[in-house]
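Welcome to this short briefing, written for reading beside the structure. Could you keep the 3D view open as you go through the points below?

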Amino acid sequence: MAQLKDDCFAFGGALMPVDEAMAILADRVAPVAKHESAPLAEALGRILAEDVSAPRDVPPHDNSAVDGYAVFFDDLNPDSETHLPIGGRVAAGHPLGRDAKPGEAVRIFTGAPMPAGMDTVFMEEDCSVEGDSVILPAGLKQGANRRFRGEDVQTGDVVVAKGARLRPQELGLAASVGRGALSVFRPLRAAVFSTGDEVRDPTDDAPDGCIFDANRYTVMGMLKDLGCRVTDLGILSDDEDTMAAALQAAAAEHDVLLTSGGVSAGEEDHVKAAVERNGRIDFWRLSIKPGRPIALGQVAGTAFVGLPGNPVAAMVTFMVLARPLLLRLGGATNLDARRFPVRSGFDYKKKTGRREWVRARLEHDNSGLVAQKYPAGGSGILTSMVFADGLVELPEERGNVKAGETVEFLPFNEVTR
Ligand code: AMP
Ligand code: MG
């Protein structure tokens, strides 16, 4: 069980800009996940818990970039073709085993170590062979088609830094310096609940007045995208005792608990009281739209995140606030989500002073990329998220937007990894 300080998320009161919330998280949240060793083949998507440094150069020897003939450049006639005897053969994995001799050419294949002393390789297509000799054209530059030892990685380089999320290319680079296993953070164990007497699982019936549970599926999906190990703990009724017992039981076996709904401080919202029985809860009111307050806290030392109930608000607050929190708890250091300038395809009324996200899809028109807005904007309109492939992010200081103006686009794939 992860132990957080009691006042880890203490925050009292007024509306807070997003950047301030990020700074508080950066200041207070340290990784809770333990380290373990993972074989490379199982390390995809994990977060690295060590700096991987290179115990050798990559490539480990000068080698040929083509199939052809290796020579000493100094043996070549500057203005006419050169005939040289073929004195040996090197294939990949099979070095010459002796120094090369001036005056000879060596048959060589891609990836084969350069014979010691030779510096230039002719492509076989440019050469002709007569008996035991090769005829080499004039005009090749010294060093042609030779790859240098260490041109990719040098001994001692840190090739992948602690805190990186491991993509296929990081695994390949770790392998290329001879690492067969890596120290990684254990995946965060996340427990997910929905709340509400009206909320039913889509495999059950939904009697009059009930709705099907969308949030558990969006939240579990986003958690899995971030590399968490997810436990589905179903739907909690609007009852403080039930919630308190379920949260306490889950806290013992998880690093983070996530709920949706029940946190807007109405009389049917019981999450706050349930959390406070065994922990602490703080309501972070961010100056954002969409997004209700998001509750952060801990239950018996395990991090707690209370997302709003409306499905779009739950997803957006997860992407913006829960994601960086979870990445930090899990050991990641690069939390950046990149925004890209695009042209707005819509007019939009905006108040200054808060950050707003507009669900949008990128399309091409005659003048390039343009962000199109979904017509309906309510925070319960989940079809808008399916239409969209990202969010147009309008910063605090921005006022109304006119079609044709430049806006920043945050693709979903920047906030789901
Ligand atoms: P609440 O914050 O509990 O008042 O919920 C706000 C709105 O979101 C209400 O209309 C709820 O019915 C709806 N809602 C809450 N949880 C879910 C859920 N898991 N799936 C879909 N809608 C939900
Ligand atoms: Mg509710």
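Strands here are DSSP runs of type E with at least two residues, numbered from the N terminus. Please keep in mind that this is a predicted model. With that in hand, we can start at the ligand: strand S13 (189-195) and strand S15 (211-212) each give at least two residues to the shell around ligand 1. From there the briefing moves to the domains, the sheets and a few backbone details.

**Around ligand 1**

- The surroundings of ligand 1 comprise 15 residues, and the closest are Glu198, Asp213, Ala214, Gly262 and Gly309.
- Sorted by class, this shell around ligand 1 holds 8 polar, 5 nonpolar and 2 charged residues.
- Glu198 places a polar side-chain atom 2.6 Å from an oxygen atom of ligand 1.
- Asp213 has a polar side-chain atom 2.7 Å from a nitrogen atom of ligand 1.
- At Asn310 the backbone takes part: one of its polar backbone atoms is 3.2 Å from an oxygen atom of ligand 1.
- Ligand 1 on its own would expose 480 Å², and the protein buries 76% of that area.

**Domains**

- The domain assignment splits the protein into domain 1 (18-34 + 186-329), domain 2 (63-147) and domain 3 (340-414).
- If you look for domain 2 and domain 3 in the viewer, their centres, taken over C-alpha atoms, are 58 Å apart.

**The sheet that contains S4 and S6**

- This open sheet has 6 strands in the order S7-S4-S6-S5-S9-S8, and its pairing is mixed.
- Why do strand S7 (120-123) and strand S8 (128-130) each have one side without a neighbour in the sheet? They stand at the edges with a single partner strand each, so one side of each is left open in this sense.
- On average, neighbouring strands of this sheet are turned by 40 degrees against each other, direction ignored.
- Inside the sheet, strand S4 (residues 68-71) pairs with strand S6 (residues 105-108) in the antiparallel sense, over 3 bridges.
- To find this pairing on screen, look for Tyr69, which stands opposite Arg107 in S6.

**The sheet that contains S13**

- Strand S13, already met at the ligand, belongs to an open sheet of 6 strands with mixed pairing and the order S16-S13-S17-S21-S20-S18.
- Its edge strands are strand S16 (229-236) and strand S18 (279-284), each of which pairs on one side only.
- From one strand to the next, the twist averages 20 degrees.
- Strand S17 (residues 256-260) and strand S21 (residues 302-307) run parallel and are paired over 5 bridges.
- A handy marker for that pair is Leu257, which stands opposite Phe304 in S21.

**Pairings of strand S22**

- Strand S22 (residues 340-344) pairs with strand S26 (residues 406-411) in the antiparallel sense over 4 bridges.
- In this pairing, Phe340 stands opposite Phe409 in S26.
- S22 is also joined to strand S24 (residues 368-373), here by 2 bridges and in the parallel sense.
- Arg343 stands opposite Val370 in S24.
- As background for reading such pairs, side chains in a regular strand alternate between the two faces of the sheet.

**Backbone details in loops**

- Where does Pro59 sit? Pro59 is in the loop between strand S2 (52-53) and strand S3 (63-64), and the peptide bond that joins Val58 and Pro59 is cis, with omega about -10 degrees.
- A cis peptide bond also leads from Lys289 to Pro290, with omega near 0 degrees.
- Pro290 is found in the loop between strand S19 (288-289) and strand S20 (294-299).
- Asn145 has a phi near 60 degrees, which is a positive value in a residue other than glycine.
- You will find Asn145 in the loop between strand S9 (133-136) and strand S10 (146-147).

Terms used
Residues numbered from 1 in each chain as written. Chains lettered and ligands numbered in written order. Predicted model: local features only at pLDDT ≥ 70, side-chain atom pairs only at ≥ 80, totals over all residues. Heavy atoms only, no water. Domains from an automatic or database assignment. Near = heavy atom within 4 Å. Polar contact = N/O pair within 3.5 Å; in protein donor to acceptor, adjacent residues only side chain to side chain. Areas by Shrake-Rupley, 256 points an atom, 1.4 Å probe, with all protein chains shown as cover. Nonpolar A, V, L, I, M, F, W, Y, C, P; charged D, E, K, R; others polar. Pairing = 2+ DSSP bridges. Axes fitted to C-alpha atoms, helices over the stretch in contact; angles between N-to-C directions.
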